[in-house]
Amino acid sequence: STPAPTAPTTPSACNERFAAVDLLLDIPTMVARSRICAPNHRVVRLDRPMTDSALKTQLHTDLTAAMKSRDQLRSGTLRMALTAITNEEVSGKAAKELTDADVITVLTKEAKKRREAATAYDDAGRPDLADKERAELEVLDGYLPAQLDDAELATIVAAAIAESGAVGPQGMGSVMKLVQPKVAGKADGGRVAAEVKKQLNP
């Protein structure tokens, strides 16, 4: 029998070897591979094909369209997003399938990185780089749920406090546990925590 291919010697080489092939060929599902390398440089075994979430499939489709139209901003942003998703899929001891909710969580983190980078570049007097980060953020936002406004977030937090009966700072954990599933992908974690803290400490 043919021996299993050896894993690349570094995590970055691993990502480039597998993610790049999937992205360029627009493979809609991750085919079974005998061995792949995780970002933390562990080797993970895949025993069966992984089924993509509908959102991940859409990202692949849109990447192909962006490449055909030579839209460098969009294709570059989607490549990075899909690489982040692949990293999450193989981040543990065994490769896992991501749901649409999991993909949204990854995209939310990627969007947060762009938002923070744009602010940092503004502070450093580099508006050109800040604009690039915001342009990538705009691409990612197109795949995320509409963000909650302040009033909507405050209402959700108030309802969670009433449901949990939490009082004071010590109740923050129980309130966050109720709030997080309702705001996933719709509000930044820091913003949610700030609102919970505000309402528990009037």
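From the N terminus on, the elements of the protein follow the order α-β-β-α-α-α-α-α-α-α. The model described here is predicted. In total, the protein contains eight helices and two strands. Of its 202 residues, 36% count as buried. The accessible surface of the protein amounts to about 11,300 Å², and carbon and sulfur atoms account for 56% of that area. When contacts between residues at least 6 apart in sequence are considered, 61% of them join residues at least 24 apart.

The nonpolar interior was examined next. In soluble globular proteins, nonpolar side chains tend to be buried together. In the present model, the largest nonpolar core comprises 19 residues. Leu55, Leu59, Leu78, Ile85, Val103, Leu107 and Tyr143 are the members with the most contacts inside this core. At least two residues of the core are supplied by each of helix 2 (54–68), helix 3 (72–89), helix 4 (100–123) and helix 5 (127–141). A second core, separate from the largest one, has 15 residues, among them Val157, Ala160, Val179 and Leu200. Within the largest core, Leu78 illustrates the contacts of a single member. With neighbours within four places in sequence left aside, Leu78 is in contact with Leu59, Asp62, Leu63, Val139 and Tyr143. Two of these partners, Leu59 and Tyr143, are themselves listed with Leu78 among the core residues that have the most contacts.

Attention then turned to the pockets. The largest pocket encloses about 260 Å³ of space. Its lining consists of 14 residues, and those lying nearest the centre of the pocket are Thr108, Gly185, Ala187, Asp188 and Gly189. Two or more lining residues come from each of helix 4, helix 7 (172–183) and helix 8 (189–200). Helix 4 makes the greatest contribution to this lining, giving five residues. Helix 4 thus appears both in the lining of the largest pocket and among the helices that supply the largest nonpolar core. By class, the lining is made up of six nonpolar, five polar and three charged residues.

Two residues in the C-terminal helices and their connection were considered individually. Ala184 is located in the loop between helix 7 and helix 8. The relative accessibility of Ala184 is 43%, and this residue therefore counts as partly exposed, a class that lies between the 20% limit for buried and the 50% limit for exposed residues. Although Ala184 and Thr108 are 76 residues apart in sequence, their C-alpha atoms lie 8.8 Å apart in space. Thr108 is also one of the residues nearest the centre of the largest pocket.

Arg191 is placed in helix 8. Its relative accessible area is 26%, so Arg191 is likewise partly exposed. Not counting residues up to four places away in sequence, Arg191 touches Leu148, Asp149, Asp150, Leu153 and Lys186. For one of these partners, Asp150, the separation along the chain is 41 residues, whereas the distance between the C-alpha atoms of Arg191 and Asp150 is 9.4 Å.

A further residue was distinguished by its backbone geometry. Arg70 lies in the loop between helix 2 and helix 3. The phi angle of Arg70 is near 60°, a positive value in a residue other than glycine. With a relative accessible area of 74%, Arg70 is exposed, because this value is over 50%. The two helices that flank the loop of Arg70 are both contributors to the largest nonpolar core.

Definitions and conventions
Residues numbered from 1 in each chain as written. Predicted model: local features only at pLDDT ≥ 70, side-chain atom pairs only at ≥ 80, totals over all residues. Heavy atoms only, no water. Helix = DSSP H or I, 4+ residues; strand = E, 2+ residues; numbered from the N terminus. Buried < 20%, exposed > 50% of the residue type's maximum accessible area, 1.4 Å probe, protein only. Contact = heavy atoms within 4.5 Å. Areas by Shrake-Rupley, 256 points an atom, 1.4 Å probe, with all protein chains shown as cover. Core = buried A, V, L, I, M, F, W, Y, C linked by side-chain atoms within 4.5 Å. 1 Å grid on protein atoms, 1.4 Å probe; cavity = no way out; pocket = protein on both sides within 12 Å on 5 of 7 lines; lining within 4 Å. Points joined across faces, edges and corners; volume = space filled by probe spheres on them. Nonpolar A, V, L, I, M, F, W, Y, C, P; charged D, E, K, R; others polar.
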